[in-house]
Amino acid sequence: MSKDKPWVMRTYAGHSTAAASNALYRTNLAKGQTGLSVAFDLPTQTGYDPDSPLSRGEVGKVGVPVMHMGEMRRLFQDIPLTEMNTSMTINATAMWLLAMYQVAAEEQNPDMEPAEVAQLLAGTTQNDIIKEYLSRGTYVFPPQHSLRLISDMIAYTVNNIPKWNPINICSYHLQEAGATPVQEIAYALTTAIAVLDAVKAAGQVSDEDFEKTVGRISFFVNAGVRFVEETCKMRAFVAMWDEITRERYGVQDPKMRRFRYGVQVNSLGLTEAQPENNVQRIVLEMLGVSLSKNARARAIQLPAWNEALGLPRPWDQQWSLRLQQVLAFESDLLEYGDIFDGSHVIEAKVNELIEGAKAEIDRVQGMGGAIPAVESGYMKSALVSSHAARRAKIEAGEEIIVGVNKFETTEPSPLTANLDEAIMTADPKAEEAAIASLEAWKAQRDENAVAEALANLAATAKTDENLMQATLAAARAGATTGEWAATLREVFGEFRAPTGVSGAVGVAEAGEALTTVRERVKATGDELGGRLRFLVGKPGLDGHSNGAEQVAVRARDAGFEVIYQGIRLTPEQIVAAAVAEDVHVVGLSILSGSHMELVPVVIEGLKAAGAGDIPVIVGGIIPESDGKKLLEQGAAAVYTPKDFSLTEIMDDVVNVIRKANGLA
């Protein structure tokens, strides 16, 4: 029996240095991986060089640092880019990374014309900035300028790199931020509408080629453990995209209307408690995007079982790759047509999702579209509220998480017998190495050529001309990631997205536990002479603000006065805010692995400011050994994903405040 061709199999990877990441890529390809998915570190994603004060503690932590062409060459050394399918998770600086990727490919093929090389490149740049404002936080520029960069890049690739997907619109991160299936569909599709409308308005793609533009739009989705609902969600996506592209944009070719998507299954649902259960979660989530042939993913990357503990090792990534390979090559999944066609249950659920998504799309479009809905804070508040509702259900036991709020008894796991060896640690010298690489790069380049290229970039940014050629010229001249972004910051300015906390709906009805905490918060405030003030801070470049937002909302529900200024703050800014607001406790949320570098700076900063009596608590993906060190260095408490009850955390925060103030 003939079988369908399997999807592209990837693992999301990158860490420490370009050389270390290159070795990992070549190893994974040798194990049967069929595409690359590059994770960049936060300075690269947010447009800073490793010597920037904002890069402190973040270099090489959640991905690979690529600050100039020399590092791009190292990243793909001995990997023929004209034969590879590469996905790059990059958004605000997507144009810059694509330019360096194209130049690296040109250098690998000196006997070919640059235009010929471009014709052979295949892959995807994520490039969805709207979801960055809502969930992931690696935005840089204001929305309209970001949309200009996206539309310029789409026009350039359609005209010059026809195999490239210049954007994959991400519902993945929306689900991580709390989106329901209806919200995930609606907000992703309103983003797609905003992007296509911008491309059409820019006039850089001919009417004849606009169908190709629509055909190059791809999506990146999330798949949760409710795999029947996820299957229906994907079928709803397929039907709605076909309708939008046909009716709104007049696309006639069915191939150009096809909903093409890649998937990373849900990381939000991975647990620190009994982490071995994550394997079956990952398998169920993979089924949600592979069982229905008519709505099957084009590319799949799976997280590793231990991602709630820390950075996965190569062996953990291999295990995730093998999960895909068993499904594709051992099962009979690819031998049949769509097994859900004709199912009344599936059809009814799909129709329900479509009806709900259309209503939400109409609501957003009535506000003027995705950009105004971002700027007003509507979509962000909706996501924070949905996430708060889900958290409340978990804490109440209405939504069961095996090993977390039910079936908690367990045998000791050999997988986690030595927690320090159950995860990989990023090279602690990565930052030092990156700064040395940057200095060496600048020492050998032609500074006049760089200055001229950046001046041209700035001048072009002030016109309606496509920015891609000026960006390519800057890459060829030897500019750095930080210089490219700084040049555009000067022209476009920067942006701070709404946090969504003030407009979010928290716990609708307080149960006995939250009522008790409220009474303790009020009583302790009365003893100290005023309402308790809780500063929630996000130091460094980590933009994953979901945890911080939920802590802020629950703290407000518990009766605290909450000070939350959003993401991407320096330790110095957090200290200044704590002193100015005369807070009773500082809570730091860090998920990027930079806790050992940033938390001590905040603690020492408070001491230097004469506020060393303000306790500092920390939350994030923090290995046990690091947690102990933070406590030794002065942190009052450390919380990790296993501490899922926010109400219990609020009660503990009251204890921390009372202890710090000498109260019984």
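In strand β3, the bridge partner of Ala13 is Val38, and that pair makes a good doorway into this predicted model. Helices and strands here are DSSP runs (H or I over at least four residues for a helix, E over at least two for a strand), numbered from the N terminus. Two strands are said to pair if DSSP finds at least two bridges between them.

A word on conventions before going further. Numbering starts from 1 along each chain as its sequence is written, and side-chain values use heavy atoms, with hydrogens and water left out. Because the model is predicted, local features need pLDDT of at least 70 and side-chain atom pairs count only at pLDDT 80 or more, while totals for chains, interfaces and linings use all residues.

**The parallel sheet**

β2 and β3 run parallel and are joined by two bridges. They belong to an open sheet of five strands with parallel pairing, in the order β2-β3-β4-β5-β6. Its edge strands, β2 (12-13) and β6 (164-165), each pair on one side only.

Moving inward, β3 (residues 36-39) and β4 (residues 85-89) run parallel and are linked by four bridges. On the far side of β4, the strand β5 (residues 122-125) is paired with β4 in the parallel sense, again over four bridges. Some of the individual bridge partners are set out below.

| Residue | Bridge partner | Strand of the partner |
|---|---|---|
| Ala13 | Val38 | β3 |
| Leu36 | Thr86 | β4 |
| Ala39 | Thr89 | β4 |
| Met88 | Thr125 | β5 |

How well covered are the faces of β3? Both are covered: Leu36 and Val38 on one side, and Ser37 and Ala39 on the other, are all buried. Buried means under 20% relative accessible area, exposed means over 50%, and partly exposed lies in between (1.4 Å probe, protein chains only). β4 is mostly covered, with four of its five residues buried.

**The loop between α16 and α17**

Let us turn to a loop region. Val402 sits in the loop between α16 (378-396) and α17 (430-444). Its relative accessible area is 36%, so Val402 is classed as partly exposed. Leaving aside residues up to four places away in sequence, Val402 touches Asn277, Arg281 and Phe407; contact means heavy atoms within 4.5 Å.

Phe407 lies in the loop between α16 and α17. Phe407 is exposed because its relative accessible area is 54%. Its phi is near 55°, a positive value in a residue other than glycine.

Gln274 also deserves a look from here: the C-alpha atoms of Val402 and Gln274 are separated by 8.5 Å, although the two residues are 128 residues apart along the chain. Gln274 is found in the loop between β9 (261-264) and α12 (277-288). Gln274 has a positive phi of about 45° although it is not a glycine. With 13% relative accessibility, Gln274 counts as buried.

**Val586 in strand β13**

Further along, Val586 lies in β13 (residues 585-590). Is Val586 buried or exposed? Its relative accessibility is 0%, so Val586 counts as buried. Beyond residues up to four places away in sequence, the residues touching Val586 are Leu535, Ile574, Ala578, Leu606, Ile614, Pro615, Val616 and Ile617. From Val586 to Thr34 the C-alpha separation is 46 Å, and the two are 552 residues apart in sequence.

**The chain as a whole**

Stepping back, the secondary structure of the chain comes to 26 helices and 15 strands. The C-alpha atoms fill a box of roughly 75 × 65 × 50 Å, taken along the principal axes. For 664 residues, a compact globule would have a radius of gyration near 26 Å, and the 24 Å of this chain agrees with that. The radius is taken over C-alpha atoms, and the globule rule is 2.2 Å times the number of residues to the power 0.38.

Of the 664 residues, 59% count as buried. Among contacts with a separation of 6 or more, 80% come from residues 24 or more positions apart.

The chain exposes about 25600 Å², with carbon and sulfur atoms supplying 52% of it; the areas come from the Shrake-Rupley method with a 1.4 Å probe, and for residues only the protein chains shown count as cover. Finally, the 61 positive and 86 negative charges have mean positions 2 Å apart. Lys and Arg count as positive and Asp and Glu as negative, with His and the chain ends not counted; each charge is placed at NZ of Lys, CZ of Arg, CG of Asp or CD of Glu.
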